[in-house]
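I opened the notebook to look up a few local features in this model. The entries below keep to what can be read from the coordinates.

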Amino acid sequence: MSCDASQPPCAWGPPPPQPGPLRSPLRFAAAACAATAALVHTLVMEDHFESARYLGVLFALYALVCAGVALLLARRDTRVVWQIAAGSSLLAIAAYAWSRAVGLPQIDDDVGNWAEPLGIVALTAEGTLVALALGALRHWRAEGRLRGHSPVLAGTLALALGLSGTALAAGAPGGEHPARSAAMAGMPGMTADAQGADAHWAATQGAPFHSDGVTRTYYISADPVVWNYAPDGRNDTTGKPFDEVADTYVRSGPGRIGSSYLKCLYRGYTDASFTRLQPHPADEQYLGILGPVIRAEVGDTIKVVFRNTCPFPASVHPHGVFYEKDSEGAPYDDGTSGPDKSDDAVPTGGRHTYVWEVPERAGPGPGDGSSVMWMYHSHTDEVADTYAGLMGPMEITAQGMARPDGGPKDVDREFFELFSVMNENNSPFLHENLRRFAQAPYPNPDDEEFQESNLMHSINGYVFGNQPLVTMRRGERVRWYVMSMGTEVDLHTPHWHGNTVLVSGMRMDTVSLLPASMVVADMVPDDPGTWLFHCHVNDHLIAGMITRYRVLS
Ligand SMILES: [Cu+2]
C-alpha cells in the first residue's frame with residue numbers, strides 16, 4: 001500500500017497515541033514515590049480524622065489511591081496508570097498548598113506551617129512522581145538502553161529513600177505546628193509529641209491511692225487568742241513611732257479598737273490531751289497567726305486531731321491533699337449524712353479527726369521543686385472563720401526528698417508568709433473587740449472610718465514591720481512559701497529587696513497573689529543585709545503590709 005502525503009495521518013506524519021507500555025526506566029521509582037505518599041498519609045490519617053471528619057476520609061481515600069497507583073505502576077506500564085499517578089499527585093500538592101496558604105474548611109491551624117517534616121516528605125514524593133509521570137507520558141522511553149535490573153534497582157533505592165525520609169520526619173520534633181509546639185513547650189512537663197502528652201496526663205494521676213509512707217499526726221486546736229498586730233508599738237521599718245497614717249489602724253481610743261483583737265487561731269499541741277502547746281522556738285515566731293506548718297511526704301497519711309474551743313463552730317478544710325467526705329471540713333448539700341457530716345462544723349468543745357492522704361497529685365508536679373505549698377483553713381463559715389484567723393500552711397515534699405519532719409532535704413530554710421487584709425469588721429468577734437479594746441463613744445459599725453481602721457494590712461498577722469525578723473545566710477537554699485487570703489482587695493505582690501527568687505523556673509523579685517493562691521519561691525541570697533519584704537500594692541504598703549528579712553554574710 002502506498003502512502004499519500006496529502007492524506008494524513010500516514011506513516012510519515014506524527015504517530016498516533018500508543019496504547020502499549022510506556023517503558024519508563026523509572027517505573028519502579030515512581031511506584032516507590034506513590035508508596036511513600038500512601039504511607040505518610042496513613043500515618044497522619046487519625047490526627048486528621050480528629051481535626052475534621054471529612055479530611056480524615058479524604059486522607060484515607062488518597063492513601064488508597066496512592067497504594068493502588070504504586071501497585072499498578074509496578075505491574076501495568078500503561079498511559080492511563082501514569083495519568084492517574086500524575087493527576088492524583090497534582091491534586092494532593094494543590095490541597096497541601098491551599099491548606100498552608102488559605103486554610104481548609106474547619107481547619108485553619110495549618111496556615112503558614114510550611115515546614116512540617118512529614119508534609120515535606122509527601123510533597124517530595126508527589127512532586128517526583130509528577131515529574132516521572134510527565135517524563136513517561138512525553139515519550140521518555142528506555143528504548144532498550146536500560147536493561148536487566150536497573151529499573152528495579154532505581155525503584156528499590158527510591159523506596160528506601162521514601163521510607164527513611166518518612167521515619168525521620170515522623171520522629172522529628174517539628175512534626176507539629178510550630179505555634180502549637182511552642183505553646184505546649186511552655187507548659188511545664190508538656191511536650192508536643194505523643195509520648196510527652198502521655199507523661200503529662202500520667203502525672204495528673206487518677207489512680208486509687210495506697211499509702212506506703214508514714215502517718216503524721218497533728219494536734220490542732222482552734223483557740224480564742226488576743227492577737228496584737230503591732231506588739232512593738234512602733235513602726236519597725238522606719239524605726240520611729242507610728243505616724244498619722246499608721247495610727248488609723250493601730251491606735252486604740254474612743255471608737256477605735258487599735259492593734260489588738262480577739263481572734264480564733266489554730267494552735268499546735270503536743271498530744272491528744274491538748275494540755276501542752278507545741279513549743280514555738282524563736283525562729284518560728286514570725287509565723288504569727290498562722291496555724292502549725294503541716295508537713296508530709298508523698299505516700300504519707302496526714303491525721304489532724306482537731307479540737308474547737310472557740311465560741312462558734314469551726315472546721316479544718318485542706319487544699320490539695322486527698323480527702324473523703326468525713327474529712328473535707330465544709331458544710332454543703334453534698335448528698336452525705338451521718339458521720340460524713342461530722343467534719344463540717346465542729347461545735348464549741350467538740351473534736352473531730354481529719355484524715356488526709358497524700359497521693360502523687362498532692363505533691364510536686366513536673367514544673368515544681370522538691371516541695372509544694374497548700375493551705376488549710378476553717379470552712380464552716382468560710383469568710384468569718386478566716387477573718388477570725390483560722391488559716392495555716394501545709395507543704396508536701398516529693399517522695400524520697402523528705403527529711404524526717406516531712407520538709408524537703410534539699411532546702412536549708414523555709415519561710416511561710418500570708419499576705420492578707422484582715423477585715424476585722426467581718427470577724428465574729430467584732431462586738432467583743434469593741435467592748436474590750438475601744439473606748440466610748442462607740443461608733444456605728446457601718447461608719448466608713450471605723451471600718452477602715454479595722455482593715456489590718458498584715459503579713460502573718462503583723463503590720464508596719466512588727467513581724468519578728470527572719471534570718472538566713474548568704475548562699476543558703478531558702479524556700480519562701482507565700483499565700484494570700486481574703487477578697488477582691490487581696491491582690492498582693494510580695495517583693496523582696498536585695499535578692500531575687502526563682503518561681504517555676506522564672507526569675508523574679510516580685511510575685512503575684514490572689515485570694516487563696518499559693519506561690520513557692522526559691523532564693524539563694526547573695527546580698528547580705530537587712531532588706532524590706534513588702535506588698536508592692538501602694539494602698540497596702542502604706543497601710544502596713546511591710547516587713548524585713550536579714551541575710552547574714
Ligand atoms: Cu497587698
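My entries follow, beginning with the ground rules and then going from a sheet to single residues.

**Ground rules.** I am working with a predicted model, in which local features need pLDDT of at least 70 and side-chain atom pairs count only at pLDDT 80 or more, while totals for chains, interfaces and linings use all residues. Residues are numbered from 1 along each chain as its sequence is written.

**The sheet.** I looked up how the strands are arranged, taking helices (H or I, at least four residues) and strands (E, at least two) as DSSP runs numbered from the N terminus, and counting two strands as paired if DSSP finds at least two bridges between them. I found an open sheet of 5 strands with mixed pairing, in the order E2-E1-E4-E7-E6. Strand E2 (260-269) and strand E6 (322-323) each have a single partner strand, so these two stand at the edges and one side of each is left without a neighbour in the sheet. I then followed one pair inside this order: strand E4 (residues 301-308) runs antiparallel to strand E7 (residues 351-357), with 7 bridges between them. Across this pair, I noted that Arg-307 stands opposite Arg-351 in E7.

**A cis peptide bond.** I checked omega and noted that the bond joining Ala-440 and Pro-441 is cis, with omega about 0 degrees. I placed Pro-441 in the loop between helix H11 (430-437) and helix H12 (448-453).

**Positive phi in a loop.** Which residues did I look up in the loop between strand E11 (455-459) and strand E12 (470-473)? One of them is Asn-460, a residue other than glycine whose phi is nevertheless positive, near 55 degrees. Phe-464 is also placed in the loop between E11 and E12, and its phi is near 50 degrees, again a positive value in a residue other than glycine. I asked whether each is buried (20 or more other C-beta atoms within 10 Å of its own, with exposed meaning 12 or fewer, partly exposed in between, and C-beta atoms placed from the backbone). Asn-460 counts as buried because it has 22 C-beta neighbours inside 10 Å, and Phe-464 counts as buried because it has 27.

**Val-551.** I found Val-551 in strand E19 (residues 546-552), and with 22 C-beta neighbours inside 10 Å it counts as buried. Its C-alpha atom is separated by 5.9 Å from that of Thr-471, although the two residues are 80 apart along the chain. Leaving aside residues up to four places away in sequence, I listed its contacts, among them Met-472, Arg-474, Asn-499, Asp-527 and Trp-531, where contact means that C-beta atoms, placed from the backbone, lie within 7 Å.

Conventions:
Contact = placed C-beta atoms within 7 Å.
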